[in-house]
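User: I'm new to this one and would like to know what the terms used for it rest on. Could you walk me through it?

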Amino acid sequence: MRTELRGKVYVIGNNIDTDAIIPARYLNTMDPAVLGKHAMEDLDPRKYPIPFLSKDGTCSYGVVIAGKNFGCGSSREHAPIALHAAGIDAVIAGSFARIFYRNAVNGGIVLPLESTLDLSESFRTGDEAKIELSGSPVISNESHNERGGRAYPLMQFGPVAEIIEAGGLTAYNKKRLGMIK
Amino acid sequence: MTGQTITEKILARAAGKERAVPGETIDARIDTLMMHDVTSSGAIKLLKKEFGNKVAEGLEIVVTPDHYVPNKDIASAILYQELARFVEEQKAKGADIHDYMVEGGDYGVCHVMVPEKGHVLPGQVIVGGDSHTCTYGALGAFSTGIGTTEAGNVLATGRLWFRVPESFLFEVDGEMPKNVMAKDLFLRVVGEIGVDGALYQAMEWQGPVISKMSMDERMTLTNMAIEAGAKSGIIVPDDTTIDYLVEKVPPKKLDSYITESCGGGMEAEIQSDPDAQYARTMKIDASSLEPLVACPDLPSNVRPARELQDVRIDQAYIGGCTGGKWEDFVAAAKVLEGKRVAKGVRLLIVPSTADIQRRLVKEGLYDTFMDAGAVFSAPTCGACLGGYMGILAPGEVAISSTNRNFRGRMGDPESRVYLASPKTVAASAIAGHIVGAEK
């Protein structure tokens, strides 16, 4: 597991559903390259006027900061895959819908980190963030603006730390079964 | 020692432990894995690439392609083909695999097919690559949705980790008004607690209204558990459950299950203790229910149908794992009998399984719907998730007996979906605007 992540943040609200993260019209493939080009495509532009993807389909963000219940809805693993393919390494949320969380952890795809603090005022879309993962996870705003220079504690991974360490459930199980050392 | 909930007992047994305490992480043995067309391809590849293509012993696999079948495009056809090849390959290897492919015609929407074909037993742990796998809790099983990597690992190991959920108890008494269905009851609950109101928890339903409720209606309650963020929904088995099992499960399988798994009787092990601990309890008087509608873009955005009469509709949809069961059509047909849909309204009838479709024809409901101006589809998840067979254009409005109304759920992001009971969907189709079913 990486000990430090850096990236521009994209800030969104509560109850971001899997249909917004990756619409069902793209579920006929699991190709990350295709899914990444449609990540967050159906986010409501009235609520989120800054698009997640640029017009050419690229994404300049590395971290998503969300409110409560991120990833609610479907069991589609296409959701964390699409985010990761677009360039997202970590999602920080007040809480996660359980299947999204499990897919992120078990698939070894993006890091799901929970925050007990509401970070929606501490970061704005486009701010630079650094996440330190050695010891207790911490996110800091590294931007040169009035929000910059502050750090916020995130919750520990708890019992899933071992799976995250291993790189996902497959590697974790193979280790347990003695298939890999 | 305090008592345990049915969920804690099932998970303790699956983990080979005395007790399973909420919050603790356990490694549970999985009885059954459900697989469908959209989420299985990666799991099949993972089994081959990482685990030598060997399925865990003792794991029952039920394969029910449904999302994009009959195949809607080439990419979907390839997903289906991969699933079909997996079935043949694993059958040849002697895996305990039961398939309901489109070939031969006996197929349908997973969460209606799996119980209908007798693959759910009380006390089992069932997982599936679909979020509405929580449906099977209606029969007293612990069941929950998982992802593709997880499905691949379950195929290989027959086990999966879980955080033991706290339970949230819903006690329902009173008398359900005649124009109200289980869908309205769930909408009332999710409207109150929100789409994360039962996050990570098991929603357990009890009370005289639940005891009297049919299995089809119970499945609406447990199916929708995920819409409140829950891990599972569950109802303790009773006579209704046993009658259902006797009808659906092959006698040999049922007998060996009762003698081997339940120590001779189903009652003892698979129920919640009177002093079980619940994180939260909510009491609901069913007599106070009325037809409800979840407005865009969340299932929790609930309002009484009577307040939404100015919402004109383009499409009325009766189908899906929540609202395409036999009794859903019986309820809708009663409303539509001898009536016609309003001008400009498309009424789509999508039976969830081939058996339901056949019964609709046999018992004359097919004619009722056709005479009312409905359009029939073959069983499929179809437009419920915006797949095909009823996609909405920008600005169009649908009322649907399905379970989700997220932005763009049934088509264009600028279309709108309202969720309601099959009765309310039928009444709205006749009126051309949203209206609750009459008493």
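## What the terms rest on

Analyst: Sure, starting with chain B. Its domain assignment gives domain 1 (6-283) and domain 2 (291-431). Keep in mind that this is a predicted model.

User: How do you know how far apart domain 1 and domain 2 of chain B are?

Analyst: Take the centre of each over its C-alpha atoms, and 25 Å separate domain 1 of chain B from domain 2 of chain B.

User: What makes you say that domain 1 and domain 2 of chain B are in contact?

Analyst: Two residues are in contact if their C-beta atoms, placed from the backbone, lie within 7 Å. By that test, 37 residues of domain 1 of chain B are in contact with 33 residues of domain 2 of chain B. On the domain 1 side, helix 4 (110-116), helix 6 (182-193) and helix 8 (215-223) of chain B each supply at least two residues. The largest share there is six residues, from helix 6 of chain B. Sorted by type, the residues on that side of domain 1 of chain B divide into 15 nonpolar, twelve polar and ten charged.

User: Why is chain B called as compact as a globular protein of its length?

Analyst: First, the parts: chain B has 15 helices and 18 strands. The radius of gyration of chain B is 21 Å, and the globule rule gives 22 Å for 439 residues; the two are close, so chain B counts as being as compact as a globular protein of that length. The C-alpha atoms of chain B fill a box of roughly 60 × 50 × 40 Å along the principal axes. Of the contacts in chain B with a separation of 6 or more, 77% are between residues 24 or more positions apart.

User: Why is B:I126 called buried?

Analyst: The cut-off for buried is 20 or more other C-beta atoms within 10 Å. B:I126 has 27, so B:I126 is buried. B:I126 lies in strand 5 (residues 125-128) of chain B. Beyond its neighbours within four places in sequence, B:I126 is in contact with residues including B:D31, B:M34, B:V120 and B:Y136. In chain B as a whole, 61% of the 439 residues count as buried.

User: What makes helix 3 (residues 78-86) of chain A "mostly covered"?

Analyst: Nine of the nine residues of helix 3 of chain A are buried. Among them are A:H78, A:I81, A:L83 and A:H84. The cover includes helix 1, helix 2 (32-36), strand 2 (63-66), strand 3 (90-93) and helix 4 of chain A. After helix 3 of chain A comes A:G87, with a positive phi near 125 degrees.

User: How many residues of chain A and chain B take part in the contact between them?

Analyst: The contact takes 35 residues from chain A and 40 residues from chain B. On the chain A side, helix 1 (18-21), helix 4 (98-106) and helix 6 (169-176) of chain A give two or more residues each. Helix 4 of chain A gives the most, with five residues. By type, that side of chain A divides into ten nonpolar, 14 polar and eleven charged residues.

User: What confidence does the predictor give chain B and the complex?

Analyst: On a scale from 0 to 100, chain B averages a pLDDT of 96, and 98% of the residues score at least 70. For the complex, the predictor gives an ipTM of 0.96 and a pTM of 0.97.

Note on methods: Residues are numbered from 1 along each chain as its sequence is written. Chains are lettered from A and ligands numbered from 1 in the order in which they are written. This is a predicted model: local features need pLDDT of at least 70, side-chain atom pairs count only at pLDDT 80 or more; totals for chains, interfaces and linings use all residues. Domain bounds come from an automatic or database domain assignment. Helices (H or I, at least four residues) and strands (E, at least two) are DSSP runs, numbered from the N terminus. Ala, Val, Leu, Ile, Met, Phe, Trp, Tyr, Cys and Pro count as nonpolar, Asp, Glu, Lys and Arg as charged, and the others, Gly among them, as polar. The radius of gyration is taken over C-alpha atoms; the globule rule is 2.2 Å times the number of residues to the power 0.38. A residue is buried if 20 or more other C-beta atoms lie within 10 Å of its own, exposed if 12 or fewer, and partly exposed in between; C-beta atoms are placed from the backbone.
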